[in-house]
Amino acid sequence: MMENKTVYLNGQYLPLNEAKVSVLDRGFLFGDGVYEVIPSYSGHLFHFQDHLQRLENSLAGIRLENPHSREQWLDILTPLLDARFDQYIYLQITRGVAAKRDHGFPGNTPATVFAMCSAIVPFAGLATGVKAISLDDSRWQFCNVKAITLLGNILHRQEAIDQGCAEALLVKDGYVVEGAASNVFAVIDGVLLTPPKSNDILPGITRDVILDIARNNNILCHEESIPFTVLQTADEIWVTSSTREIIPVVELDSKPVADGKPGPVWHAMNQLFQAYKHTLL
Ligand SMILES: Cc1ncc(COP(=O)(O)O)c(C=O)c1O
């Protein structure tokens, strides 16, 4: 049964089962929109300004005007939060409902704005680590835009699930870029590496936080392209995202990563990350 929580749609708060969007919405017809996922710990939105900056970048990337100021976004999202729980906001903006289906942008159509809040359920693989497969990245050229057009990511993730794995690590021109719904880190020769920002990856907020924590705690780290052949010899591999946080990958393509257990750098980083979350409250 669908949970009937309160959600936000185009200026109104209403029960989820009453929130309806036209079939002519360009999000439905074309996947023409962007989204954000923002964690909230004890009612505090985590790195809210960074998420809004990324939202602004995504909107600019698809040439859609931001319908709200940052202050308005905070006012819209705050009533959805419940300080008793760890939650995440999902917010989506599409290019709205046009009179007819046409690829070109409609003129003067208000954006559709939707937001809802859900519980963060701690990810089961956090302590034990997860299995991953590698796949050729067959997505598009705008992976830096957090677009709702996620078919490529979905097909890659499902391929991983079909093979009993939690994530697919995507390889482009011989280099690992990111996961189907996560960024990737590797510990190689004692250095923490993650691919640099480019159109090939979503600039993850968790990724930035980890890099800051590493720099502030003398954990040697570089933003550097990682050849897939080097990743295969890594001492540690992690995948990171807002809702799952930092997940160790202990098996890649059916082979153990190092000794097949979460590594010491992951243990240290995970502790620092959990402590950091609490310093912000
Ligand atoms: C393709 C992709 N890369 C990276 C990430 C991680 O981004 P963040 O840490 O901001 O959640 C996500 C999050 O869902 C994602 O979908």
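**Briefing: Tyr 35, an open sheet and a ligand shell**

Tyr 35 counts as partly exposed because 18 C-beta neighbours lie inside 10 Å; a buried residue would need 20 or more, and an exposed one 12 or fewer. The model is predicted. The points below start with Tyr 35, then turn to the sheet and the ligand.

**Tyr 35 and its surroundings**
- Tyr 35 sits in strand S3, which covers residues 33-41.
- Setting aside neighbours within four places in sequence, Tyr 35 is in contact with Tyr 90, Leu 91, Gln 92, Lys 146 and Ile 148.
- In sequence, Tyr 35 and Val 145 are 110 residues apart. In space, 9.1 Å separates them, C-alpha to C-alpha.

**The sheet**
- Strands of a sheet pair through backbone hydrogen bonds, in a parallel or an antiparallel way.
- Here, six strands make an open sheet, and their pairing is antiparallel.
- The strand order is S2-S1-S6-S5-S3-S4.
- Strand S2 (12-15) and strand S4 (44-45) are the edge strands, and each pairs on one side only.
- Strand S5 (residues 87-94) and strand S6 (residues 112-119) run antiparallel, joined by eight bridges.
- Thr 94 stands opposite Thr 112 in S6.

**The ligand shell**
- The ligand has 14 residues around it. Leu 202, Gly 204, Ile 205, Thr 206 and Ser 242 come nearest.
- Helix H5 (205-216) and strand S14 (236-241) are the elements that give two or more residues to this shell.
- H5 provides the largest share, three residues.
- By type, the shell holds four nonpolar, eight polar and two charged residues.

How values were computed: Residues numbered from 1 in each chain as written. Predicted model: local features only at pLDDT ≥ 70, side-chain atom pairs only at ≥ 80, totals over all residues. Near = placed C-beta within 6 Å. Helix = DSSP H or I, 4+ residues; strand = E, 2+ residues; numbered from the N terminus. Nonpolar A, V, L, I, M, F, W, Y, C, P; charged D, E, K, R; others polar. Pairing = 2+ DSSP bridges. Contact = placed C-beta atoms within 7 Å.
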